[in-house]
Amino acid sequence: MSTRRLGEMTTVEAAAAVVDSPVVLLPAGAFEQHGPGLPLATDLIRAEAVCDRVAEALGGTAVVGPSLPVGVSPHHLAFAGTVSLTTTTFATLVREYVDGLYRHGWRRICVVTGHGGNDATLATVAQDLLAARPDLQFAWSPLTTLAADVVAAAGPPEVSGHSGQAETAQMLAVAPHLVHTDRLTAGTTRFAELDAFGALARRRGGPTLTAPYDRLSGNGVLGDPRRADPEHGEAIVAAIVDRITDFVTAWLAA
């Protein structure tokens with residue numbers, strides 16, 4: 001069965017989908033710099049690709065709803081093209097999307113976000129919805145962190161992450177025509193390249209310190225995207241899709 005997308009349905013088909021496709025997947029991303037080689041919409045492109053694959057794998061029991069194309073990205077504002085929402089605005093958009101879907105009968109909604117900067121806000125929205133919509137089941141999922149084991153198998157450098165090997169590999173798998181392979185450039189790859197503040201912000205196992213990306217990398221990249229390959233990207237995407245699909249299957253049975 002092909003992917004069911006709510007935006008391609010008529011209102012009559014949407015009414016039927018409430019019964020036939022009781023789970024709505026909402027792709028969320030960001031509009032922010034992704035170094036010299038990746039497009040500004042990288043996070044949304046990956047999230048939409050994953051949602052489409054999950055919906056197809058579920059055989060019609062999930063529908064892909066409207067995308068959330070702009071996210072919480074103040075840490076990237078020093079780089080051209082970045083557009084950011086406040087956490088309050090992003091939370092309001094998520095709630096109002098949910099309210100619209102809830103009004104028409106959906107009770108299971110999952111936001112799939114390609115942008116880690118949205119995570120904290122989605123966690124807050126989930127808590128608020130427990131009180132505001134007690135009969136609603138609201139879930140959210142990141143992308144790359146779901147496949148951390150697959151990412152680690154490629155041996156990323158000491159500092160990696162944004163626009164690096166794993167993210168670029170995913171784009172090579174789902175939208176290779178948008179990757180400027182001739183412009184891919186390494187960013188920060190070692191802690192020694194960071195100043196004391198930047199190193200503290202990237203240190204694991206302690207309090208979280210938020211830092212602007214121009215403090216972490218001159219070109220906005222963490223890691224070395226030149227090492228990315230589409231086969232590894234496909235393995236990452238496949239793992240993400242399998243794990244979200246398994247979750248939704250169990251969710252429907254719960």
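**Entry 1: how H2 and H6 cross**

I began with the pair H2 and H6, and their crossing is left-handed. This is a predicted model, so I keep in mind that I'm reading a prediction. H2 covers residues 42-57 and H6 covers residues 165-174; I found that their axes come within 10 Å and cross at roughly 55 degrees. Parallel, perpendicular or oblique? At that angle I put H2 and H6 down as oblique to each other. I then listed who does the touching. From H2 the contact uses Thr42, Asp43, Ile45, Arg46, Ala49 and Arg53. From H6 it uses Glu167, Gln170, Met171, Ala173 and Val174. Note to self: two packed helices are described by the angle between their axes and the distance between the axes.

**Entry 2: H6 again, now with H8**

Next I looked at H6 against H8 (residues 230-253), where the axes come within 7 Å and cross at roughly 90 degrees. That angle makes H6 roughly perpendicular to H8. Which residues of H6 meet H8? I wrote down Gln165, Ala166, Ala169, Gln170, Leu172, Ala173 and Val174. On the H8 side I have Pro230, His232, Gly233, Glu234, Ile236, Val237 and Ile240. Gln170 turned up in my H2 list, and here Gln170 is in the H8 list too.

**Entry 3: the sheet**

Time for the strands. I found an open sheet of 4 strands in the order E2-E1-E3-E4, with parallel pairing. The edges are E2 (62-64) and E4, each of which pairs on one side only. From one strand to the next, the twist averages 25 degrees. A reminder for me: strands of a sheet pair through backbone hydrogen bonds, either parallel or antiparallel.

**Entry 4: strand E1**

I went to E1, residues 23-28. Is it enclosed or open? I counted 6 of its 6 residues as buried, so E1 is largely enclosed by the rest of the structure. Val23, Leu25 and Pro27 point one way, while Val24, Leu26 and Ala28 point the other way, and all are buried.

Then I checked the neighbours of E1. With E2 it pairs in the parallel sense over 3 bridges, and Leu25 stands opposite Val64 there. With E3 it pairs over 6 bridges, also in the parallel sense. Val23 has Arg108 as its bridge partner in E3, and Val24 stands opposite Ile109.

**Entry 5: strand E3**

How many residues of E3 are buried? I got 6 of 6 for this strand, residues 108-113, so I noted E3 as mostly covered. Arg108, Cys110 and Val112 point one way from E3, and Ile109, Val111 and Thr113 the other way. Even Arg108 and Thr113 are on the buried list.

On its E4 side (residues 137-141), E3 pairs in the parallel sense over 5 bridges. Here I noted that Ile109 stands opposite Phe138 and that Val111 has Trp140 as its bridge partner. Ile109 is thus in my notes twice: opposite Val24 of E1 and opposite Phe138 of E4.

**Entry 6: getting from strand to strand**

How does the chain travel from E3 to E4? I followed it from E3 through H4 (residues 119-132) to E4, and this β-α-β crossover is right-handed. H4 lies across E3 and E4, running at about 170 degrees to E4.

I tried the other end of the sheet as well. E1, H2 and E2 make a right-handed β-α-β unit. H2 lies across E1, E2 and E3, at about 160 degrees to E1. This is the same H2 that crosses H6 in my opening entry.

**Entry 7: two acidic residues**

Where is Glu158? I found it in the loop between H5 (148-152) and H6. Its C-alpha is 5.3 Å from that of Arg190, although Glu158 and Arg190 are 32 residues apart in sequence. Leaving out residues up to four places away in sequence, Glu158 touches Thr189, Arg190 and Phe191.

Last lookup: Asp149, which sits in H5. Its relative accessibility is 45%, so Asp149 counts as partly exposed, since exposed needs over 50%. I also checked Asp149 against Ile236: they are 87 residues apart in sequence and 9.0 Å apart in space, C-alpha to C-alpha. Ile236 was already on my page, as one of the H8 residues that meet H6.

How values were computed: Residues numbered from 1 in each chain as written. Predicted model: local features only at pLDDT ≥ 70, side-chain atom pairs only at ≥ 80, totals over all residues. Heavy atoms only, no water. Buried < 20%, exposed > 50% of the residue type's maximum accessible area, 1.4 Å probe, protein only. Helix = DSSP H or I, 4+ residues; strand = E, 2+ residues; numbered from the N terminus. Pairing = 2+ DSSP bridges. Right-handed = clockwise from strand over helix to strand, strands pointing away. Axes fitted to C-alpha atoms, helices over the stretch in contact; angles between N-to-C directions. Parallel < 35°, antiparallel > 145°, perpendicular 65-115°, else oblique. Left-handed = near helix turned anticlockwise from the far one by under 90°. Contact = heavy atoms within 4.5 Å.
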